[in-house]
Amino acid sequence: MDDNDDDICWEDLHKPTYLFYSGLFVLSYETVFYPLECLKTRQQFARESLTTSSIAMDIYRNEGMRGFFRGFGAALCGSLPGQMAYFGSYELAKHACFRIAEHLSFPVLTTNNQAAQTRSGTTSSSSRFISNLFAGFFADMVCLLVHTPADIIAQRHMIATAKLPLNLSVNIPERASMNSRVPHLHSNPSLFAIVSGNTQAVETQIKQISSVSASNHHPTTQQLFREIVRYEGVRGLYRGYWASVVTYAPSSAIWFAMYELSKFELSARCPSISKEDPTMNHLISGATSGFVATVLMNPFDVAKTRLQTLDARVAADVEMIRRGFFAMMAWTVKNEGVTALLKGLGPRLWFSVPGSAITFAGYEWAKSMASFRNDD
């Protein structure tokens, strides 16, 4: 067996062992980083400018440490099978792309294939990059079929208390001043009703919130599931699926492609790292890919989160749901400015950069543990 485990391919893996170690890693990862995901969601949901620290203090003051793990069970139900499907689909798609590239006489570089590098130069490198882009995109589309329903329910858990103002005696502004910004109402998702001058819609929703808070301040997963299906049908569990594809599939493509590119370049320029300490290569390459993908795709994540957390019981929200993802992005820019698309970037970077580094190190570890080569 080579000292470098980077060339472990799908056919080299014992699949049940690989899925077991992948699941173990996903469970550990979700437990450690879920509080930051909660902070990110709450910050993106807010229609006013809130710092991460103020959101964290508010959650801790009103709900304690448990508040940072609201919806964790629901998220895990999607994350465990979703992530296993994600990495499995990626390996299968990458393997297929490499085979197609070889069939079309575009040899694909591996970290140890220096002869191929000499023969084909940049063609091999570009073929590898494109193959990883496509495989990452495909893997995320498969993963989201499993993950989206759980993600929607988990997000509803995260914002359940954010939707409920501590003081429900909110003064409805006069119709003449409807276009002015009303900070204490911006935490409510139905700001569209306020902007349009629909005071009746605002009053109706405040009554809904009051009744919900009195009987069901912290809804259970089952209650949220029934509510979504009741008002939107099964289709509601996949609300924002294509928004998620627009957000996460390109991000996944960039993430995997940048990781493989960084890993390859680091191996070529510092071969001692890959041979003596391959884990360091995985950590550095994973952190790099996480930073690039997160910064580029954060605006899409803001729009996706807001679309998925709208309330289907409110007419103005239903209209925005109907108009879709890009209308939500345009509305956000128009009413809150371009900087609103950077909301949640801080918390996302806090967990995406180290999280990406750990994810790829764990991913490579799971592959090495499941490799048939270990039996030799």
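Visitor: Trp255 catches my eye: buried or exposed?
Guide: This is a predicted model, where local features need pLDDT of at least 70, side-chain atom pairs count only at pLDDT 80 or more, and totals for chains, interfaces and linings use all residues. Residues are numbered from 1 along each chain as its sequence is written, and side-chain values use heavy atoms, with hydrogens and water left out. The cut-offs are under 20% relative accessible area for buried, over 50% for exposed and partly exposed in between, using a 1.4 Å probe and protein chains only. At 13% relative accessible area, Trp255 is buried.

Visitor: And why is its pair with Phe256 called edge-to-face?
Guide: A pair of aromatic rings is described by the distance of the centres and the angle of the planes. Rings of Phe, Tyr and Trp (its six-membered ring) pair if their centres lie within 6.5 Å; planes under 30 degrees apart are stacked, over 60 edge-to-face, and the rest tilted. Trp255 and Phe256 have ring centres 5.1 Å apart, and the pair is edge-to-face because the planes sit at 65°.

Visitor: Which residues are linked by ring pairs into a cluster?
Guide: A search of the whole structure turns up 25 aromatic pairs. Ring pairs join a cluster made of Tyr86, Phe87, Tyr90, Trp255, Phe256, Tyr259, Phe360 and Tyr363.

Visitor: Which residues of H9 make the contact with H3?
Guide: Helices (H or I, at least four residues) and strands (E, at least two) are DSSP runs, numbered from the N terminus. H3 and H9 (residues 241-269) pack at about 65°, axes 13 Å apart; axes are lines fitted to C-alpha atoms, for helices over the stretch in contact, and angles run from 0 to 180 degrees between N-to-C directions. Contact means heavy atoms within 4.5 Å. H3 brings Tyr86, Phe87, Tyr90 and Lys94, and the H9 side consists of Ser252, Trp255, Phe256 and Glu260.

Visitor: How is H1 oriented to H3?
Guide: H1 (residues 15-45) and H3 (residues 72-103) pack at an angle of about 135°, with axes 9 Å apart. Angles under 35 degrees count as roughly parallel, over 145 as roughly antiparallel, 65 to 115 as roughly perpendicular and the rest as oblique. H1 to H3 is therefore oblique.

Visitor: What is the handedness of the crossing where H1 passes H3?
Guide: A crossing is left-handed if the near helix is turned anticlockwise from the far one by less than a right angle, and right-handed if clockwise. Where H1 passes H3, the crossing is right-handed.

Visitor: Moving to a loop, how far apart in space are Phe68 and Met158?
Guide: Phe68 sits in the loop between H2 (52-63) and H3, and counts as buried at 9% relative accessibility. Leaving out residues up to four places away in sequence, Phe68 touches Tyr34, Pro35, Cys38, Leu39, Ala56, Ile59 and Tyr60. Phe68 and Met158 are 90 residues apart in sequence, but C-alpha to C-alpha they are apart by 7.9 Å.

Visitor: Then Thr220: how far is it from Ile153 in space?
Guide: Thr220 lies in the loop between H7 (199-215) and H8, and counts as partly exposed at 36% relative accessibility. Thr220 and Ile153 are 67 residues apart in sequence, yet their C-alpha to C-alpha distance is 9.6 Å.

Visitor: Last one: how many helices are there in the protein?
Guide: Of the 376 residues, 53% count as buried. The protein has zero strands, and its helices number 14.
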